[in-house]
Amino acid sequence: MTVLNARERKDQKAHQTKELRNQGHVPGVLYGKKVKSTPVSVEAVAFLKTFRDVGQNGLFDLQLENGGKHHVMVQEVQIDPLNNQYMHVDFFEVDMNEERDVNVPVHLEGDAPGAKEGGIVNHLLYEITVHCLPADIPESITVDISNLNIGDSLSVSDIRANVPVTIVNEDDETVVTVTPPTVTEDPDATEEDNTTAESVEATGERNDDNLDRPGRVE
């Protein structure tokens with residue numbers, strides 16, 4: 001199992017945390033049912049490599065300087081939107097024998113025939129919640145759309161049998177659909193139609209005026 005080294009943070013003051021980030025480390029916290037909440041820090045480069053290697057729901061060992069090792073997964077990551085810097089990480093120690101709910105990303109695979117006919121593929125459900133042991137958490141769920149024509153859709157009930165763990169979502173939740181192409185009106189044609197309608201209306205008004213003129217004999 002992948003190992004990420006960490007050290008405990010004794011000083012949690014704001015200026016110390018800022019200095020920690022400037023030195024290339026990411027502050028975080030380790031917690032779980034069987035471990036007390038412990039402030040920690042990890043090297044930013046090492047964390048990024050680990051996070052990329054194991055994925056969003058991947059498991060790895062967090063090795064503390066004092067010799068303690070914990071099976072963890074990343075529960076939450078805070079990122080500065082301005083410079084894309086990792087600001088804080090929550091490491092959750094998991095019980096390998098206890099099932100839990102986890103959100104797993106959904107990826108679409110294949111080319112929908114309906115898209116080639118002008119249809120629009122709408123990916124509606126980007127995450128699916130599964131219930132399983134930590135070791136069985138899938139990195140992602142792949143949905144094949146290569147048989148979808150215009151008007152077709154896939155719901156959770158259609159993919160449930162292909163996922164090896166329990167899906168928590170309701171069966172009627174739509175994952176993906178292929179809708180007919182959007183028809184846009186030609187503004188020139190619309191303007192021409194309006195002009196024609198106005199001309200017909202004006203002609204009618206003139207005829208009405210002629211009918212109302214005195215001395216006119218039918």
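## Exercises on a predicted model

The protein chain has an accessible surface of about 13,900 Å², and 46% of that area belongs to carbon and sulfur atoms. The model is a predicted one, so let's work through it in three exercises.

### Exercise 1: the chain as a whole

Find how many helices and strands the protein chain has, and what share of its residues count as buried.

*Solution.*
- Begin with the secondary structure, which comes to five helices and 13 strands.
- Next, apply the cut-off for burial, under 20% relative accessible area. Of the 218 residues in the protein chain, 34% count as buried.
- Finally, turn to the contacts with a separation of 6 or more: residues 24 or more positions apart account for 64% of them.

### Exercise 2: the two sides of helix α2

Work out which residues of helix α2 (residues 44–54) are buried, how they are arranged about the axis, and what they pack against.

*Solution.*
- List the buried residues of α2: they are F47, T50 and V54.
- Now look down the axis of α2. Its buried residues fall within an arc of 65 degrees, so they line one face of the helix.
- Turn to the other side of α2, where V45, K49 and R52 are exposed. Exposed here requires over 50% relative accessible area.
- Then go back to the buried residues and look for their partners. They pack against five strands named here in chain order: β1 (3–8), β3 (35–43), β4 (60–64), β5 (69–79) and β6 (86–93).
- Last, step just past the helix: G55 has a positive phi of about 85 degrees.

### Exercise 3: a sheet built around β13

Determine the strand order of the open sheet that contains β8, β11 and β13, and which strands lie at its edges.

*Solution.*
- Recall the general rule: strands of a sheet pair through backbone hydrogen bonds, either parallel or antiparallel.
- Take β8 (residues 120–123) and β13 (residues 174–179): four bridges join them, and the two strands run antiparallel. Among the bridge partners, I120 is matched with T179 of β13, and H123 with V176 of β13.
- Take β11 (residues 153–155) next: it pairs with β13 over three bridges, again in the antiparallel sense. Here L154 has V176 of β13 as its bridge partner.
- Put the pairs together, and the open sheet of three strands has the order β8-β13-β11, with antiparallel pairing.
- Read off the edges: they are β8 and β11, each of which pairs on one side only.
- To finish, consider the twist, which averages 10 degrees from one strand to the next.

Note on methods: Residues numbered from 1 in each chain as written. Predicted model: local features only at pLDDT ≥ 70, side-chain atom pairs only at ≥ 80, totals over all residues. Heavy atoms only, no water. Buried < 20%, exposed > 50% of the residue type's maximum accessible area, 1.4 Å probe, protein only. Arc of directions from axis to C-beta. Contact = heavy atoms within 4.5 Å. Pairing = 2+ DSSP bridges. Areas by Shrake-Rupley, 256 points an atom, 1.4 Å probe, with all protein chains shown as cover. Axes fitted to C-alpha atoms, helices over the stretch in contact; angles between N-to-C directions.
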